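Okay, everyone, thanks for coming. Let me put the chain up on the screen, and then I'll walk you through it.

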Amino acid sequence: MAVRAIAPQQTNLTEGRSPTIKSTPLISNTMQIVLPPEAEALVQRQLTSGKYNSAIDVILAAIKLLEQHQDIYQGRLQELQRDALIGQQASQRGEVVDGATAMAQIRANLRRRSQP
């Protein structure tokens with residue numbers, strides 16, 4: 001589905017309203033997105049900076065950034081889930097140390113490393 005962004009000067013917005021998404025008939029496969037004033041200002045600043053040629057370029061860059069952020073989040077979530085599973089399995093095998101003992105071991109290791 002193609003997305004067509006309305007340039008900020010072409011939008012008619014009411015102060016304080018949420019973004020409006022209006023689907024046009026299925027024949028055209030387009031979508032009009034009406035941005036709130038704050039979002040229009042962000043898009044306009046990017047256009048003024050010269051980094052982007054059109055509002056749709058700004059929106060596409062934002063979507064790509066969002067996808068990258070979600071990929072990083074999902075990757076980190078998987079790492080944490082894997083680490084939690086490793087910890088749970090170690091605990092079930094009785095391979096755990098209480099917090100005070102673990103901290104004492106960490107401090108001792110740090111002291112050994114810092115000594116010449």
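Before I get to the pocket, a word on how pockets are found: on a 1 Å grid over the protein atoms alone, a pocket is an open set of points where a 1.4 Å probe fits, with protein on both sides within 12 Å along at least five of seven lines, and lining residues have an atom within 4 Å of a point. Points are joined across faces, edges and corners, and the volume is the space filled by probe spheres set on them.

Now, the caveats. This is a predicted model, with local features needing pLDDT of at least 70, side-chain atom pairs counting only at pLDDT 80 or more, and totals for chains, interfaces and linings using all residues. Numbering runs from 1 along each chain as its sequence is written, and side-chain values use heavy atoms, leaving out hydrogens and water.

So, the layout. Reading along the sequence you get β-β-β-α-α-α, that is, 3 strands and 3 helices (DSSP runs numbered from the N terminus: H or I of at least four residues for helices, E of at least two for strands).

Let's take the helices. H1 covers 37-49, and its end C-alpha atoms are 18 Å apart, which agrees with the 18 Å its 13 residues should span at 1.5 Å a residue (the expected span is 1.5 Å times one less than the number of residues). Right after H1 comes Gly50, with a positive phi near 85 degrees. H2, at 55-92, has 38 residues and reaches 55 Å from first C-alpha to last, close to the 56 Å expected. Just after H2, Gly94 has a positive phi too, about 80 degrees.

Back to that pocket. The largest one has a volume of about 210 Å³. Which helix gives the largest share of its lining? That's H2, with 6 residues, while H1 also supplies at least two. The lining includes Leu42, Gln46, Tyr52 and Ile63. By class we have 10 nonpolar, 1 polar and no charged residues, where nonpolar means Ala, Val, Leu, Ile, Met, Phe, Trp, Tyr, Cys and Pro, charged means Asp, Glu, Lys and Arg, and polar is the others, Gly among them.

Last, burial. Of the 116 residues, 16% are buried (under 20% relative accessible area, 1.4 Å probe, protein chains only). In H2 those are Ala55, Val58, Ile59 and Ala90. Ala55 and Val58 also belong to the largest nonpolar core, alongside Met31, Ile33, Leu35 and Val43. A core here is a set of buried Ala, Val, Leu, Ile, Met, Phe, Trp, Tyr and Cys residues joined through side-chain atoms within 4.5 Å.

How values were computed
Buried means under 20% relative accessible area, exposed over 50%, partly exposed in between (1.4 Å probe, protein chains only).
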